[in-house]
Amino acid sequence: MAERMLEIRGLKIHFGTEEGLLRAVDGVDLAIDAGETLGVVGESGCGKSVTALTVMRLLPMPPARIAGGEIRWRGRDLVAAGEEAVRELRAREIAMIFQEPMTSLNPVYTVGEQIAEEHDDLLSALRSDDDKHLMRVVERHIAVRAPRESDD
Ligand SMILES: Nc1ncnc2c1ncn2[C@@H]1O[C@H](COP(=O)(O)OP(=O)(O)OP(=O)(O)O)[C@@H](O)[C@H]1O
Ligand SMILES: [Mg+2]
């Protein structure tokens, strides 16, 4: 059976605003197993980004607050986990492509460099101009084999 990667149960995220309490997310349940892709669809403002940002622990709290529910990453409780523990997972195991990619990706760097910035060996291989070495390093990092000349 595939590993349960992410499980969210009854997640509630509230914002304290001048007009009172805003229930941005009010009881979200979802689960994603290894190899699965889940699409979340909903009208603007229904809480998709707030949910994702909370999993990444990137939502400023306050004004936001996790008012209930649980977020489990590979069985581990992320609501209770400390900031340091979540930072360890962020980018290495859980990543997010932000909704405004033009402001999130730095146009001064190539996409490859921005992907590689978490991994020193990948970054140096990328800058070495040695394509074969780069492919070997990439293969070490990702589960999908790079295409080979003999494959085509
Ligand atoms: N910092 C904040 N303070 C108060 N309310 C906020 C804050 N950030 C988000 N919200 C509210 O939380 C709700 C959910 O917003 P969210 O950005 O998650 O929507 P979304 O589903 O991602 O929408 P879209 O499809 O437009 O991206 C909205 O009502 C939004 O106004
Ligand atoms: Mg959004």
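How are helix 5 and helix 6 oriented to each other, roughly parallel or roughly antiparallel? Keep the question for the last stop of this tour. The model on screen is predicted.

**Stop 1: the sheet**

Select strand 1 (4-17), strand 2 (20-33), strand 3 (residues 64-73) and strand 4 (76-77). These 4 strands form an open sheet with antiparallel pairing, in the order 2-1-3-4. At the edges are strand 2 and strand 4, each of which pairs on one side only.

**Stop 2: strand 1 and strand 2**

Now show strand 1 with strand 2. The two pair in the antiparallel sense, with 11 bridges between them. Follow the chain from one to the other: a hairpin makes the link through 2 residues. Two pairs can be picked out here. Thr-17 has Gly-20 of strand 2 as its bridge partner, and Phe-15 stands opposite Leu-22 of strand 2.

**Stop 3: strand 1 and strand 3**

Keep Phe-15 selected and add strand 3. In strand 3, Phe-15 has Ala-64 as its bridge partner. Ile-13 is also worth a click, since in strand 3 its bridge partner is Ile-66. Strand 1 and strand 3 pair over 8 bridges, in the antiparallel sense.

**Stop 4: helix 1 across the strands**

Next, select helix 1 (48-55). This helix lies across strand 1, strand 2 and strand 3, and runs at about 70° to strand 2.

**Stop 5: ligand 1**

Select ligand 1 and the residues around it. There are 14 of them, and those that come nearest are Ala-24, Ser-44, Lys-48, Ser-49 and Val-50. Which element gives the most to the shell around ligand 1? Helix 1 does, with 3 residues. Strand 1 and strand 2 also appear here: like helix 1, each supplies at least two residues of the shell. Colour the shell by class to find 6 nonpolar, 7 polar and 1 charged residues.

**Stop 6: the loop between helix 1 and strand 3**

Move on to Arg-57, which is in the loop between helix 1 and strand 3. Most residues other than glycine have a negative phi, and most peptide bonds are trans. Arg-57 is not a glycine, yet has a positive phi of about 60°.

In the loop between helix 1 and strand 3, select Pro-62 and Pro-63 as well. Met-61 and Pro-62 are joined by a cis peptide bond, with omega about -5°. Another cis peptide bond joins Pro-62 and Pro-63, where omega is about 10°.

**Stop 7: helix 5 and helix 6**

Finally, select helix 5 (residues 120-127) and helix 6 (residues 131-141). Two packed helices are described by the angle between their axes and the distance between the axes. Here the angle is about 155° and the axes are 9 Å apart. An angle over 145 degrees counts as roughly antiparallel. Helix 5 and helix 6 are therefore roughly antiparallel to each other, which answers the opening question. Their crossing is left-handed.

Show the side chains of the contact. Helix 5 contributes Asp-121, Leu-122, Ala-125 and Leu-126, while helix 6 contributes His-133, Leu-134, Val-137 and His-141. By class, the residues of this contact are 5 nonpolar, 2 polar and 1 charged.

Technical notes. Residues numbered from 1 in each chain as written. Chains lettered and ligands numbered in written order. Predicted model: local features only at pLDDT ≥ 70, side-chain atom pairs only at ≥ 80, totals over all residues. Axes fitted to C-alpha atoms, helices over the stretch in contact; angles between N-to-C directions. Parallel < 35°, antiparallel > 145°, perpendicular 65-115°, else oblique. Left-handed = near helix turned anticlockwise from the far one by under 90°. Contact = placed C-beta atoms within 7 Å. Nonpolar A, V, L, I, M, F, W, Y, C, P; charged D, E, K, R; others polar. Near = placed C-beta within 6 Å. Pairing = 2+ DSSP bridges.
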